Amino acid sequence: MNWDAAGLEGNQPKRIENALKSGESVLVQVTKDPIGHKGARLTSQISLPGRYLVYVPGNSMTGISRKLPDTERARLKKILKEVVPSDAGVIVRTAAEGASEAELRADVERLTATWERIQAKAKGANAPALLHGEPDMTVRVIRDVFTEDFSKLVVSGDGAWSEVKRYIDEVAPDLADRVEKHTGSTDVFTAYRVDEAIAKAMDRKVWLPSGGSLVIDRTEAMTVVDVNTGKFTGSGGNLEETVTKNNIEAAEEIVRQLRLRDIGGIIVIDFIDMVLESNRDLVVRRLLECLGRDRTKHQVAEVTSLGLVQMTRKRVGSGLIEVFSEPCAHCSGRGVVVHTEPVATRGGGQDDSSGGNGGRRGRGKGRSGSTNGNGGGQESRNVLPPPNPNGPTPAQIAAAAHAAALHAGAPAPAADAAARAAAEEVTAEEVTAEEVTADAVTDVEVAAEEVTEDVLQQPEPAAEPEPAAEPEPAPEPEPAPQPRRRRPRGRVVAPAGPPTGAEAVTVVDPSED
């Protein structure tokens, strides 16, 4: 707000309600575009940027960039006294170094004519109305960036070429020979690998030439940069020297990324910890040297107690990420998908089709209505099943069913099938171990009948009765040979009790003889 032109009476406080009234038309200029939830920033102090200076109507102040040497500042100040009108002020830009009096005079006359056209439109326009707008991006780049430091400017397209050519011939004819029109059949961005550079500039991770890396994360409050050594091990064998070299290289790349991505606001840099205070000062000094070439206003604070470097950089407009991206429609920019239930960590070796029933792996495909423990296949795929604090576990019930089937005389395959069926039933509905055992015995009997069905259909022929013989005295029963014990696999367990029969061994103590 220009309080001098507001016309405040007496000692009224400088408040917006004292300077403006509701329904009053005001001539303002947008100095900052809306970003996020913040609206545009407006000002009543109009300023028109040019090639060599910024024209400020209604102000008598004259400012010169501090980046220029004192001799050049004195020369420019002498020229400006003759070319600038008395009812306007100017701010000389860095590009004015070495400019002649004719070039400065032409720049001032062109900006003065622009201001007169704005005033003429303001008298007949109905608010809100656009009176003057910034030129195209192509013209702004040439006006603000293109100087003698560049060897060539390549322009693609007939419309852009005519606009650039006209502006260069009018404002900077000495740079006309450095402008070139692209005539190749391929796209200009592809020919000069601009698309590749833009894609790298939007990556979260940036690799350093030595093997280290930077991780750049942007939040609502600030931008955080983390420095990592990565594959960089150094050549001197000293850890402190290796870390210092990596931090110096990271400081140079961080400044380049800030300019390339147009990052503004609060920036926090987490360099790798260094023991010596001199090395920390060396890294910060290198960071300041690289920031000296940045045209955007910035400020570096002191290093915090945690070793973090805090700095601020003026946010001029939307950054590279905001221009080429939009928030995710699924996570709203958070980067994670939130579930209503805890998400289970999927471990290796487990079949996805088990569904949490503990023992079923693709069996029973012909059964219709076989479901997992949660009543659905896809909803409970990554969700933990609800715990059952009361009653036996499915494994215990399956073991009980297996033992009951073997006790009933069923073969081993049928017992395994009964155990799996019991585990599936206890997963689908809560039953007790006794009910599962009874149902398992019934399933075993049915399975045993199916296994021996072919044998039962072909009975053996009845044996012919032998002729009756005279009864003979029954011989003395011989002791039945004990069956050969099958050696179990794994741990060998000795039978309990003293050895008997053929296993008995007599031990003679020679001291008794």
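**Group meeting: sheet, helices and cores**

Okay, let's start with helix 10, which lies across strand 12, strand 13 and strand 14 and runs at about 180° to strand 13. Keep in mind that this is a predicted model.

So what's the sheet underneath? It's an open one with 6 strands, in the order 9-10-11-12-14-13, and the pairing is mixed. At the edges you have strand 9, residues 205–207, and strand 13, residues 298–303; each has a single partner strand, so one side of each has no neighbour in the sheet. On average, neighbouring strands are turned by 20° against each other, ignoring direction.

Zoom in on strand 12 and strand 14. They run antiparallel, joined by 6 bridges. If you want a spot to look at, find Gly-265, which stands opposite Arg-313 in strand 14.

The other helix I want to show you here is helix 9. It packs on the sheet and touches strand 9, strand 10, strand 11, strand 12 and strand 14, with its direction at about 145° to that of strand 11.

Now, the core. In soluble globular proteins, nonpolar side chains tend to be buried together. Here the largest nonpolar core has 25 residues, and the ones with the most contacts inside it are Leu-214, Val-227, Ile-254, Ile-269 and Phe-271. Elements giving two or more residues to this core include strand 10, strand 11, helix 10 and strand 14. Helix 9 gives the most, with 6 residues.

Take Ile-269. Beyond its neighbours within four places in sequence, its contacts include Val-225, Val-227, Ile-254, Leu-287 and Met-311. There's also a second, separate core of 23 residues, with Tyr-52, Tyr-55, Ile-64 and Ile-79 among them.

Back to helix 9 for a moment, because here's one for you: is Asn-247 buried or exposed? Asn-247 sits in helix 9, and it counts as buried because its relative accessibility is 0%. Again skipping neighbours within four places in sequence, Asn-247 is in contact with Val-227, Phe-271, Ile-272, Met-274 and Val-283.

Last stop, helix 4, residues 101–124. That's 24 residues reaching 36 Å from the first C-alpha to the last, close to the 34 Å expected at 1.5 Å a residue. Its buried residues are Leu-104, Asp-107, Val-108, Leu-111, Thr-112, Thr-114, Trp-115 and Ile-118. And what covers them? The cover on those buried residues includes strand 3, strand 4 and helix 3.

That's my tour, thanks.

Note on methods:
Residues are numbered from 1 along each chain as its sequence is written. This is a predicted model: local features need pLDDT of at least 70, side-chain atom pairs count only at pLDDT 80 or more; totals for chains, interfaces and linings use all residues. Side-chain values use heavy atoms; hydrogens and water are left out. A nonpolar core is a set of buried Ala, Val, Leu, Ile, Met, Phe, Trp, Tyr and Cys residues joined through side-chain atoms within 4.5 Å. Buried means under 20% relative accessible area, exposed over 50%, partly exposed in between (1.4 Å probe, protein chains only). Helices (H or I, at least four residues) and strands (E, at least two) are DSSP runs, numbered from the N terminus. Contact means heavy atoms within 4.5 Å. Two strands pair if DSSP finds at least two bridges between them. Axes are lines fitted to C-alpha atoms, for helices over the stretch in contact, and angles run from 0 to 180 degrees between N-to-C directions. The expected span of a helix is 1.5 Å times one less than its number of residues.
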